[in-house]
Amino acid sequence: MCLKVEISQIHNPNNSGGSTSIKGLDLLSEGKPTNMKGYAYRTEGQKAVDGKVDGNTRRTSPASSKGNSHTNNWWEVYLQGTYPIYLVLVHNRWDRNAEQIHGAEVKVGSTSCGTIKYHRDVKVYAINCKGTKGSTVRIEQNKNNLVLPEVQVYGRAGGGDLGAFYTGQSTGKFIEHFLVYILHILYIIFITDQSSSY
């Protein structure tokens, strides 16, 4: 599931940091070890977990696939523990070539959470991983360059089910509460297939 997210609700306007407080969820990725196709461990890929979410790559230095490789590009973060993952925010570049993110797939371990559909008005893509447990989050772009200003992985550091926050409530009621909260914080709007922007 790919969601459209209002950029102003995601990051600090001064770009000094991109941590978003989401009730019941922990930011698991910032400062964690990474790897990326064509680069040494903890070098280029680390730029996507440094807290700098500015999508203008002329001002910042994003994690970027090496050279002119247009196929089989990937980036991965090691969470240093196994956690249920609920939300992955992928901050895209917006100064130029933003469409290159189209088709990128987000995975927890080997489990696919969803594929990004490019939209010209979207700067941050939110991928719902539905509590999939894993120790790594990987983004694969098999048909284009992969440029990532920032990736934020949200889950439960304690490892517990998010539903525990709603003890005694039905699964349907929990889902209702969770979605209402996310809508309130992030102003999420589902991307439809009607867009012809790519």
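**Burial, salt bridges and a cavity: the reasoning behind the labels**

Me: Why is Thr115 called partly exposed?

Reply: Thr115 has a relative accessible area of 40%, and because the label covers values between the 20% limit for buried and the 50% limit for exposed, Thr115 counts as partly exposed. The value is computed on a predicted model. Thr115 sits in strand β7, which covers residues 111-115, and its C-alpha atom is 4.3 Å from that of Glu105, a residue 10 positions away along the chain.

Me: Why does Tyr125 count as buried?

Reply: Buried requires a relative accessible area under 20%, and Tyr125 comes to 0%, so the label applies. Tyr125 belongs to strand β8, and the distance from its C-alpha to that of Val88 is 8.1 Å, although the two are 37 residues apart in sequence.

Me: What makes Ala48 a buried residue, and where does Ala48 lie?

Reply: The relative accessibility of Ala48 is 0%, and because the label asks for a value under 20%, Ala48 counts as buried. Ala48 is placed in the loop between β3 (34-36) and β4 (63-64). Between the C-alpha atoms of Ala48 and Lys32 there are 9.9 Å in space and 16 residues along the chain.

Me: Why is Lys130 called exposed?

Reply: The label exposed needs a value over 50%, and Lys130 has a relative accessibility of 61%, so Lys130 meets the criterion. Lys130 is found in strand β8, and its phi angle is near 55°, a positive value in a residue other than glycine.

Me: How do you know that the contact of Glu76 with Arg138 is a salt bridge?

Reply: The N to O distance between the side chains of Glu76 and Arg138 is 3.6 Å, and because a side-chain nitrogen of Arg within 4 Å of a carboxyl oxygen of Glu is what the term requires, the pair qualifies. The pair links distant parts of the chain, with Glu76 in strand β5 (residues 73-91) and Arg138 in strand β8 (residues 124-141), 62 residues apart. Both Glu76 and Arg138 are buried.

Me: What makes Lys107 and Glu140 a salt bridge?

Reply: The closest N and O atoms of Lys107 and Glu140 are 3.2 Å apart, which lies within the 4 Å limit, so the pair counts as a salt bridge. Here, too, distant parts of the chain are linked, Lys107 being in strand β6 (residues 105-108) and Glu140 in strand β8, with their positions 33 residues apart.

Me: Why are Glu140 and Arg138 called buried, and what joins their side chains?

Reply: Glu140 has a relative accessible area of 15% and Arg138 has a relative accessibility of 18%; because each value is under 20%, each residue counts as buried. The two side chains meet in a salt bridge with an N to O distance of 2.8 Å. Salt bridges that share partners join Glu76, Lys107, Arg138 and Glu140 into one network. The structure holds four salt bridges.

Me: How do you know that Lys123 lies over the face of Trp94?

Reply: Lys123 is 4.8 Å from the ring centre of Trp94, and because NZ of Lys must be within 6 Å of that centre, the distance part of the criterion is met. The criterion also asks for a position within 35 degrees of the ring normal, and Lys123 is assigned to the face of the Trp94 ring. As for pairs between aromatic rings, the count comes to zero.

Me: What makes the empty space in this structure a cavity, and which residues line the largest cavity?

Reply: A cavity is a set of points where a 1.4 Å probe fits but cannot get out, and the structure holds one cavity of 30 Å³ or more. The largest cavity has a volume of about 40 Å³, and its lining consists of Asn92, Arg93, Asn97, Ala98, Gln100, Ile101, Asn145, Leu146 and Val147. By residue class the lining divides into four nonpolar, four polar and one charged.

Me: Why does Asn97, a lining residue of the largest cavity, count as partly exposed?

Reply: Its relative accessible area is 32%, and because this value falls between 20% and 50%, Asn97 is partly exposed. Asn97 is in the loop between β5 and β6, and its phi angle is near 50°, a positive value in a residue other than glycine.

Key
Residues are numbered from 1 along each chain as its sequence is written. This is a predicted model: local features need pLDDT of at least 70, side-chain atom pairs count only at pLDDT 80 or more; totals for chains, interfaces and linings use all residues. Side-chain values use heavy atoms; hydrogens and water are left out. Rings of Phe, Tyr and Trp (its six-membered ring) pair if their centres lie within 6.5 Å; planes under 30 degrees apart count as stacked, over 60 as edge-to-face and the rest as tilted. Helices (H or I, at least four residues) and strands (E, at least two) are DSSP runs, numbered from the N terminus. Buried means under 20% relative accessible area, exposed over 50%, partly exposed in between (1.4 Å probe, protein chains only). On a 1 Å grid over the protein atoms alone, a cavity is a set of points where a 1.4 Å probe fits but cannot get out, and a pocket is an open set with protein on both sides within 12 Å along at least five of seven lines; lining residues have an atom within 4 Å of a point. Grid points are joined across faces, edges and corners, and a volume is the space filled by probe spheres set on the points. Ala, Val, Leu, Ile, Met, Phe, Trp, Tyr, Cys and Pro count as nonpolar, Asp, Glu, Lys and Arg as charged, and the others, Gly among them, as polar.
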